[in-house]
Amino acid sequence: MAFSFSKALVLACSFCLFASLAFGRDFSIVGYSSEDLKSMDKLIELFESWMSKHGKIYQSIEEKLLRFEIFKDNLKHIDERNKVVSNYWLGLNEFADLSHQEFKNKYLGLKVDYSRRRESPEEFTYKDVELPKSVDWRKKGAVAPVKNQGSCGSCWAFSTVAAVEGINQIVTGNLTSLSEQELIDCDRTYNNGCNGGLMDYAFSFIVENGGLHKEEDYPYIMEEGTCEMTKEETEVVTISGYHDVPQNNEQSLLKALANQPLSVAIEASGRDFQFYSGGVFDGHCGSDLDHGVAAVGYGTAKGVDYIIVKNSWGSKWGEKGYIRMRRNIGKPEGICGIYKMASYPTKKK
């Protein structure tokens with residue numbers, strides 16, 4: 001279809017090329033080279049190659065033209081940002097044919113109700129903890145493989161489950177992948193399935209429900225389904241309760257994180273977040289929380305301190321599904337508000 005697509009482009013769009021400075025990063029990291037930006041033919045070839053890599057199929061030539069225009073605009077943003085940022089870089093990932101508004105509508109999903117938040121029944125338990133220099137719960141076997149929420153606004157469920165999987169492994173020695181779908185289908189008092197939710201509500205639901213089923217017994221379907229309470233005969237993983245980390249307090253978050261993975265909320269609606277591909281993210285973002293993720297460690301690289309965050313956008317995004325977010329930035333709420341609303345489940349041994 002490349003030939004007819006090329007012909008259509010001559011008619012459909014102006015010959016808007018953007019020049020690029022020589023680009024230092026490897027093609028395999030960012031998904032394009034400076035040569036790709038020098039002619040329309042090269043841009044079309046790049047788009048076709050990107051489509052093939054990510055299995056993209058469009059229903060009409062009109063849709064393909066629209067997606068190509070969005071792709072070009074996103075590539076322009078990626079290239080311009082890569083020239084000015086130094087600690088992280090952006091790349092052509094599977095979201096490169098989505099406008100930023102489309103991306104936000106599909107892949108976020110945290111609903112913050114400040115009137116009901118911060119009411120965990122127990123006090124913060126880690127205030128007297130000594131901090132190691134670095135922690136990575138992936139290396140300790142407490143983090144399941146990266147999952148993909150798809151275009152369902154269920155990040156809150158993935159954040160919750162990652163934290164529960166973590167504490168369950170720490171206490172029992174067993175890393176068990178648990179069901180986000182059960183939360184989406186059954187936790188409906190305050191959470192809203194694919195239309196957003198909050199991790200603390202989900203922790204409360206798991207306690208009241210007597211546990212959460214395994215992923216294999218209640219698999220993810222990327223949409224809201226009917227609550228399957230008939231699965232009661234299968235094994236569940238339980239928690240005892242949950243705690244909130246003191247708000248806007250980096251040391252408290254690190255102390256908790258030194259002991260277990262955490263559910264955290266961030267503002268992920270910045271355009272750089274959509275295309276993050278690696279490095280320590282220190283780009284612009286506010287603190288209007290809109291995405292639930294999991295903090296699974298912290299460390300330092302080349303003098304830059306960071307928190308390791310597990311996302312739920314699949315393993316092709318970021319650093320195999322993870323992002324390192326800068327810490328020690330001098331703001332109480334942390335980068336993208338990461339210290340504003342952290343919490344963690346508890347489990348008795």
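**Exercise 1. Work out what share of the protein chain's residues is buried.**

Buried residues account for 56% of the 349 residues, where buried means under 20% relative accessible area, exposed over 50%, and partly exposed in between (1.4 Å probe, protein chains only). Keep in mind that this is a predicted model: local features need pLDDT of at least 70, side-chain atom pairs count only at pLDDT 80 or more, and totals for chains, interfaces and linings use all residues. Residues are numbered from 1 along each chain as its sequence is written, and side-chain values use heavy atoms, with hydrogens and water left out.

**Exercise 2. Check the span of helix α3 (residues 40–54), then find where its buried residues point.**

Step one: helices are DSSP runs of H or I, at least four residues, numbered from the N terminus. The expected span is 1.5 Å times one less than the number of residues, so the 15 residues of α3 should cover 21 Å, and the end C-alpha atoms agree at 21 Å apart.

Step two: the buried set is M40, L43, I44, L46, F47, W50, M51 and H54. Seen down the axis, they fall within an arc of 160 degrees (directions from the helix axis to the C-beta atoms), so they line one face of α3.

Step three: flip to the other side of α3, and D41, E45, S52 and K53 are exposed.

**Exercise 3. Find which residues of α4 (residues 61–84) meet α3.**

Using contact as heavy atoms within 4.5 Å, K64, R67, F68, F71, K72 and L75 in α4 meet α3 residues including M40, E48 and W50.

Note on methods
Helices (H or I, at least four residues) and strands (E, at least two) are DSSP runs, numbered from the N terminus. Axes are lines fitted to C-alpha atoms, for helices over the stretch in contact, and angles run from 0 to 180 degrees between N-to-C directions.
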